[in-house]
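Colleague: Could you walk me through the charged pairs in this one? I'd like to go pair by pair.

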Amino acid sequence: MALFLAQAYALTGAGRYAALAQETVRPLPALMKALAADPELSAAAGPGAYAGLAGIVHALVRLSALLGEDLTGCLPDALTALGHAVAACSDPRLAGGAAGALTAAVTAHEATGAAEALRLADAVADLLLATVRKPDQPGPPVDAAVVDGEPGFADGAAGIGWALRRYAGCRPERAAAHAGAADALLRAAVRTVGTTPADLSWSTGLAGVAAAAPLSAAGALTPFLAHAEVRPGLSLEQGTLGTLEALAVLAGRGDTVAAGALSRCSGHVLALVEAQSHHCATPDHVPSPGLLTGLSGIGYGLLRLAHPETVPSLLLLEESGH
């Protein structure tokens, strides 16, 4: 919620948004200090990007830039807590596990140059690589259970592949094996969702996979996204704005089909919002303030549609717009 409000403030200059965002994050330094001092508490919070400490690390970096406050002063404690959480977690996935921690550590290093963030990224990348490889296979091939069990971004192969790919881009001098594993995971994810393209959502379906994959592979998925129906459920996780996030990513990479579809779908989304016909992804569509299923995510998704070149992708844990 603070990220949405801070991003709205950065674009509009409305001080009431900044004040509420600042009030929301005031407890974070003390909380990070407590977590860093208590490995069991950090383990309970978890390392994930969508449900865990990796999301908080990313938020600290973004909010510092948006609000003009040095929230990164508590980044060392946050990274220590994130390391505790990773050490206690066997989940390799992005939403709740090690892939989320890896992506957040890379983002933190790229934004601040923090050496501790890079050390954590190295350790988590190696751990993740060992997790997804077959036990008897030293090279890039990865465990079929990781690939075939779930191709999606939040809880499957695409998210793990994306995290390893981000790391390889940051550490090319030591990441050849990580890049090979990332490519294998992403190819398998594209292949799997391409055979059953009915689910166009971000978290579990085709949208997240298309955004994570290289453009050469994602192009085969663009036609499915381009014909997506705009529905009142606009949530980022499973709704229309998650699907449009993939179109925004592909359009930013030069995909003209995605750019045309994004323009058309954005108009339909605005019509829904203006008619107050948009829904949160909650039971009975009860309005909720949350990010993945609620109003702050819908709001951030609208800001992203309005300014894709300056508003970074929250779902990809980007630090700056492209």
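Colleague: How far apart are N and O in the salt bridge between the side chains of R26 and E23?

Modeller: Quick caveat: this is a predicted model, where local features need pLDDT of at least 70, side-chain atom pairs count only at pLDDT 80 or more, and totals for chains, interfaces and linings use all residues. Residues are numbered from 1 along each chain as its sequence is written, and side-chain values use heavy atoms, leaving out hydrogens and water. A salt bridge here means a side-chain nitrogen of Lys or Arg within 4 Å of a carboxyl oxygen of Asp or Glu. For R26 and E23, the N to O distance is 2.3 Å.

Colleague: Is R166, the salt-bridge partner of E110, buried or exposed?

Modeller: E110 and R166 pair up with their closest N and O atoms 3.5 Å apart. They link distant parts of the chain, helix α7 and helix α10, 56 residues apart (helices are DSSP runs of H or I, at least four residues, numbered from the N terminus). Buried means under 20% relative accessible area, exposed over 50%, and partly exposed in between, using a 1.4 Å probe and protein chains only. At a relative accessible area of 15%, R166 is buried.

Colleague: Which residues share a network with R171 and D122 through salt bridges?

Modeller: The side chains of R171 and D122 meet at 2.8 Å, N to O, and both residues are buried. Salt bridges that share partners tie this pair into one network with D126, E173 and R174.

Colleague: And how many salt bridges are found in the whole structure?

Modeller: Opposite charges can pair when their charged atoms come close. Searching the whole structure, the count is 9.

Note on methods:
Helices (H or I, at least four residues) and strands (E, at least two) are DSSP runs, numbered from the N terminus.
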